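I opened this model to see how its parts are arranged and which charged side chains pair up. My notes follow in the order in which I looked things up.

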Amino acid sequence: MPQEAATFHADRRRLRRRLLLVVISYLLAVLVSALVARAGLAAARTGADRIGLPWALAGTAGMFGAGTLAIAAWYARRGLDAGHGVPPRLARAVLLARVGRIGMGLAAITAAVLGVVSAPEGAERGFAILVSVGLAALLALFALFANDLTRLRRQVAPPPERSVR
């Protein structure tokens, strides 16, 4: 019995460490996204608002999406500190993270469309579209691959029981 308790506490410490790394990585993503949003807003102030608008949208969506993911991971980690059961708290954190990821995906589609529609005419049109759609694609990839909490939940939670009819 003492060995099981030691294993349980070691697993809990490992999970707390992993969740802290997830929080830190998403907070760094918030910082990078804030820089992209700031660049878009700065471009809008210089008169290049047609180029800056998709950048500002992608950066702002990345900021809020990564912030939501960081809050979800922190919520799950705080549940471990309070002694709550891991699966219910982690399940709610996964749901919150999923909402943030869906929001980032929708914003990425909007930023890509906005980048194509608002691209200036002339020689720089192709470059403006490439950069705007590239930023939107990076946001979409981030939303697609930011599933750390889902993977952790699969590792920690027991598989759901299925009823046989």
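I began with H4, where I find Ala128, Ser132, Ala136, Leu139 and Ala143 buried. The reason they can be read as one face is that they cover an arc of only 55° around the axis, which puts them on the same side of H4. The general background fits here: an α-helix has 3.6 residues a turn, so residues three or four places apart point the same way. I then turned to the face of H4 directed away from the buried side, and noted that it carries the exposed residues Phe127, Leu130, Leu138 and Phe145. For the length of H4 I have 21 residues and a reach of 30 Å from the first C-alpha to the last, close to the 30 Å expected at 1.5 Å a residue.

I should record at this point that the model is a predicted one, and that I treat every value here as computed from it.

Next I looked up the overall make-up. The chain contains five helices and zero strands, and from the N terminus on its elements run α-α-α-α-α. Of its 165 residues, 35% count as buried, and the accessible surface comes to about 10200 Å², of which 67% belongs to carbon and sulfur atoms. I also noted that, among contacts with a separation of 6 or more, 78% are accounted for by residues 24 or more positions apart.

I went on to the interior. The largest nonpolar core has 28 residues, and those with the most contacts inside it are Leu19, Tyr26, Leu69, Ala73, Leu139 and Leu149. Two or more residues are given to this core by each of helix H1 (2-45), helix H2 (49-82), helix H3 (86-117), helix H4 (125-145) and helix H5 (148-156), and the largest share, nine residues, comes from H3. Leu139, listed above on the buried side of H4, is thus also named in the core.

I picked Tyr26 for a closer look at its surroundings. Leaving aside neighbours within four places in sequence, I find Tyr26 in contact with Ala66, Leu69, Ala70, Phe142, Ala146, Asn147 and Asp148.

Asp148 led me to the charged pairs, and I count three salt bridges in the structure. Arg18 forms one with Asp148, with the closest N and O atoms 3.6 Å apart; since Arg18 lies in helix H1 and Asp148 in helix H5, the pair ties together parts that are 130 residues apart in sequence. Asp148 is buried, with a relative accessible area of 12%, whereas Arg18 is partly exposed at 34%.

The side chains of Asp148 and Arg151 also meet in a salt bridge, at 2.3 Å from N to O. Being three residues apart in helix H5, Asp148 and Arg151 are separated by about one helical turn, and I have Arg151 as partly exposed, with a relative accessible area of 38%. Arg18, Asp148 and Arg151 are therefore entered together in my notes, linked in a network of salt bridges.

The remaining entry concerns Glu121 and Arg125, which form a salt bridge with their closest N and O atoms 3.8 Å apart. Glu121 counts as exposed at 58% relative accessibility, while Arg125 counts as partly exposed at 25%.

Notes: Residues are numbered from 1 along each chain as its sequence is written. This is a predicted model: local features need pLDDT of at least 70, side-chain atom pairs count only at pLDDT 80 or more; totals for chains, interfaces and linings use all residues. Side-chain values use heavy atoms; hydrogens and water are left out. Helices (H or I, at least four residues) and strands (E, at least two) are DSSP runs, numbered from the N terminus. Buried means under 20% relative accessible area, exposed over 50%, partly exposed in between (1.4 Å probe, protein chains only). Contact means heavy atoms within 4.5 Å. Accessible areas come from the Shrake-Rupley method with a 1.4 Å probe; for residues, only the protein chains shown count as cover. A nonpolar core is a set of buried Ala, Val, Leu, Ile, Met, Phe, Trp, Tyr and Cys residues joined through side-chain atoms within 4.5 Å. The expected span of a helix is 1.5 Å times one less than its number of residues. The arc is that of the directions from the helix axis to the C-beta atoms. A salt bridge is a side-chain nitrogen of Lys or Arg within 4 Å of a carboxyl oxygen of Asp or Glu.
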